[in-house]
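Trainee: I should be grateful for a close look at a single part of this structure, namely the place where the two chains meet. Please take the details in turn, and then turn to what lies elsewhere in each chain.

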Amino acid sequence: MTEKSQDELIERMAAEAKRGKLSRRDFMHYSMAAGLTASAASGLWTSKAAMAAPKRGGTFRLGTHDGNTSDTHDPGTYLSFSIIQLAHTYRSYLTQITATNELGPDIADSWSATPDAAEWTFELAKGASFHSGKPFTADDAIASLNHHRGEKTTSAAAALLKDVVDIVKNNDHSITIKLASGNADLPWLMTDYHLAMCPANSDGTIDWQSGDGTGPYKIVNNEFGVGCSLVRHDGWHGEGAYFDAVEMTVLNDPNARQTALVTGEVDGITQLELKTLSLLQRNPNIVVDNVPSAAAITMPMLCDVKPFDSVDVRLALKLAIDREEIIKKITFDTAIPGNDYHVAPNMPYWADLPQRVYDPEKAKFHLKKAGAEGLSVELTTADSVYSGAVDMCVLYAEQAKAAGIDIKVNRAPNDGYYSDVWLKAPFCMVQWGARPTPDVMFSLAYKDDAAWNESRWQNERFNELLLQAKSELDQDKRAEMYREMQMLAKNEGGSIIPMFTNFVYARNKNVAHAPDLDASWQKDGARACSRWWFES
Amino acid sequence: MGGVLTIVLKRLGLGLFTLFIISVLIFGAVELLPGDIAEAVLGQGATKENVQAMREALGLDKAAPVRYFEWLAGAVTGNFGVSLISQSPVTEVIAPRFANTLFLASYAAVIAVPIAILLGVVVALFRDTLFDRVANVLTLTSISSPEFFLGYVLILYLGVKTGMFPSIATLNDNMTFLELLHRTFLPALTMVLVVVAHMMRMTRASIIALLASPYIEMARLKGTPGWKVIVKHALPNAWAPIINVVALNLAYLITGVVLVEVVFVYPGIGQLLVDAVTKRDFPVVQACCLIFAATFILLNLAADVGAILTNPRLRHPK
């Protein structure tokens, strides 16, 4: 490539990035493809592609999916995607996942732990207030967390806080959470969408009914399942909240949602229909955000059932799947390849191990080693697992033929799939929502005695490391442990992880955001209303 | 007229009994649905203790008949209970949504009923001509298409391509009446297209059936023009079946519009009912269904009374 055309290319990419059309990851990727070194590309990113200063003003109209009339203000029963968007707009959390997918402060300024990670102290923002004007104090934080604890709790987040033995107040702006055993991930857990801060009543319960919060926007008018209008909360402790007001409208029908965006009824929408994605992308007034997330498709093989008890058979099946083709044909390029360990690149402690690629010859080699030539297995799936799940399995079966493996695709009914097939069928397909850290994910579905250990994989070293890493506060040591665990899972584990599915949503081109997007939820970790702004 | 009043009172009494039977059926149906509100609200991650705690908090641990009679005791005194989820009175939850549904239904009815009857008269007058055929084919096509499809077609041509009407019918409090009519035009038009055919064809059929009667022949023989024969002589005798069909379609406009609500994002009662069923929110389901049932009962009653009033022979039975 000549010097001149390279410059032109960089300029063009910088312009795209400024408009929010190119993420940092893509920018780095293309710059390096154009012949730049990684450090040069990174420097360019900061100098050229840095965003223009956000402008304040305007009413941001957001169309959300999955809203129900039965949604409520009770943070313990937050369930729909629509309420998750709203929750991050009118309430706040102790910590948050930032646009660059790191852990950052929300209403807690800072936090620290005892060396065994069993006691965590959170310093709360001073001067933060509720929309009603009441100052936010330690009592509110404690009551808000206690809402999810105790025998009488009706919160869906009770399991998350089951290790918490006590929460004490140090002073008006400091609390300490005491755990039964060390957990270095506790500040990450505080980003869970249930753990919203609400005003405390005098008896230690919370007043969730009023819909009061400490978030960037205050509710003016709300009807669940219909919509909510909000205005900026002037006493907000955070940075951002560029829009003067926010109008959220529940648009459950995918067609209604996309039409509303196309006709300018709303400025942004969640969850696009993948089948019509290419049509929407042709519209010059609309920008599609295609954000890799930690939501995974897994194919667990029961490690205590023949023939999956052989590591070589499992490796052969992992090598016989062509991830690139599946992503292209089934997801319309809205997923990134998985590497057979359940940690996505946007998660902390992700290990950049070599990508496993489709290699039928190598798969044959492993089959021969296992003495399982002419392998024939049954793979169970259902339409509801993922849009295109059955097609995906059929495509995999075709790909595996080249490795001499015969995969019979068994299509199970949607109803009861997760109670009748998952954890029971020897080889099936599962969809997982994103989890914030490797510890949460591994403890839930890979630990030897976990109820949801979906492949029944037992690996002594893996489980030993899992327990050690959980309370390890030294970041380097911890990263090294997680790296080893990811290698173990990749090479010996019982799950094929073909891909991590993206969040795909859209906005009008005059809405701008920072170059990176938080991948914990749709719309910049459900914080678009406080992080985005109007360009004109 | 005393006769009509007795009929109305009798029918209202029967209607109340019907509502009671329906309330038992609905309660039974909701009980038969797998899972309960605690499981539906708490989702997959819930623990057993959580679910139990929520059931106790909502009083779901009591036996089903006890819960039903508790609800009934409240209902007869006009207290329909509180929504299990939002904990606000059912009437408060339903009233605004039902008002929206009534508005949309009236909007559609005001357009659809005159058009349907007028069209019916005209096609009866020009029966078996090209006009008759075209009108029939068009209305039958629209009634045979699923509502959501009609809605999408209207959105595409009137909303996206020409931009004449908004594609979604979201409401807010400070809209003028004209803005409201403009914003809800597409859903109203969709419903008009769905109901016109039925009413028009019934008008046409009942008029044509009468055209063979001797008294029509008499009218013709004395030289009355064709349109006058139909409007003055045939139509008065044809009202009864027409009114019945109109009443049925009006009831449909209120009870059968969930799909239209979804497609146009209109905050009506249909969506509320669907959400309440998914979450097993029994008091809301019960109240919505009773409203629907009462709509049918009242409109049927109105149709019968209307048929009597428009027909002197029924008004003065021998």
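Mentor: One helix of chain A makes a useful point of departure before the interface itself. The cover over the buried residues of helix H5 of chain A includes strand E5 (119–124), strand E6 (164–171) and strand E7 (174–179) of the same chain. This is a predicted model. Helix H5 spans residues 138–146 of chain A and is mostly covered, with seven of its nine residues buried. Those buried residues are A:Ala138, A:Asp140, A:Ala141, A:Ile142, A:Ala143, A:Ser144 and A:Leu145.

Now to the interface. Here 32 residues of chain A are in contact with 32 residues of chain B. The two chains bury about 2,500 Å² between them, and 59% of that area is on carbon and sulfur atoms. Polar features are present as well: six residue pairs are in polar contact across the interface, both residues of each pair being at pLDDT 80 or more. On the side of chain A that touches chain B, the elements giving two or more residues are strand E8 (217–223), strand E10 (245–250) and helix H7 (254–262). Helix H7 of chain A gives the most to that side, with five residues. The rule also finds three salt bridges across the interface of chain A and chain B. In a salt bridge between side chains, A:Lys152 meets B:Glu56 at 3.5 Å, N to O.

On chain B, a nonpolar surface patch of about 460 Å² is made by B:Phe17, B:Phe20, B:Ile21, B:Val24 and B:Leu25. Within this group, B:Ile21 has its place in helix H1 (residues 2–32) of chain B. B:Ile21 counts as partly exposed because its relative accessibility is 37%. As for the spacing of residues in such an element, an α-helix has 3.6 residues a turn, so residues three or four places apart point the same way.

Some backbone details of chain A complete the picture. A:Ala241 lies in the loop between strand E9 (227–232) and strand E10. Its phi is near 55°, a positive value in a residue other than glycine. A:Ala241 is buried, with a relative accessible area of 2%. A:Asp340, placed in the loop between strand E13 (335–337) and helix H11 (360–370), also has a positive phi, near 70°, and is a residue other than glycine. A:Asp340 counts as buried at 2% relative accessibility. Lastly, the peptide bond from A:Lys306 to A:Pro307 is cis, with omega near 0°, and A:Pro307 is found in the loop between strand E12 (286–300) and helix H9 (311–319) of chain A.

Definitions and conventions: Residues numbered from 1 in each chain as written. Chains lettered and ligands numbered in written order. Heavy atoms only, no water. Patch = residues over 30% accessible without salt bridge, like charges linked within 9 Å, V, L, I, M, F, W, Y side chains within 5 Å. Areas by Shrake-Rupley, 256 points an atom, 1.4 Å probe, with all protein chains shown as cover. Salt bridge = Lys/Arg side-chain N within 4 Å of Asp/Glu carboxyl O. Helix = DSSP H or I, 4+ residues; strand = E, 2+ residues; numbered from the N terminus. Buried < 20%, exposed > 50% of the residue type's maximum accessible area, 1.4 Å probe, protein only. Contact = heavy atoms within 4.5 Å. Buried area = accessible area lost by both parts, 1.4 Å probe. Polar contact = N/O pair within 3.5 Å; in protein donor to acceptor, adjacent residues only side chain to side chain.
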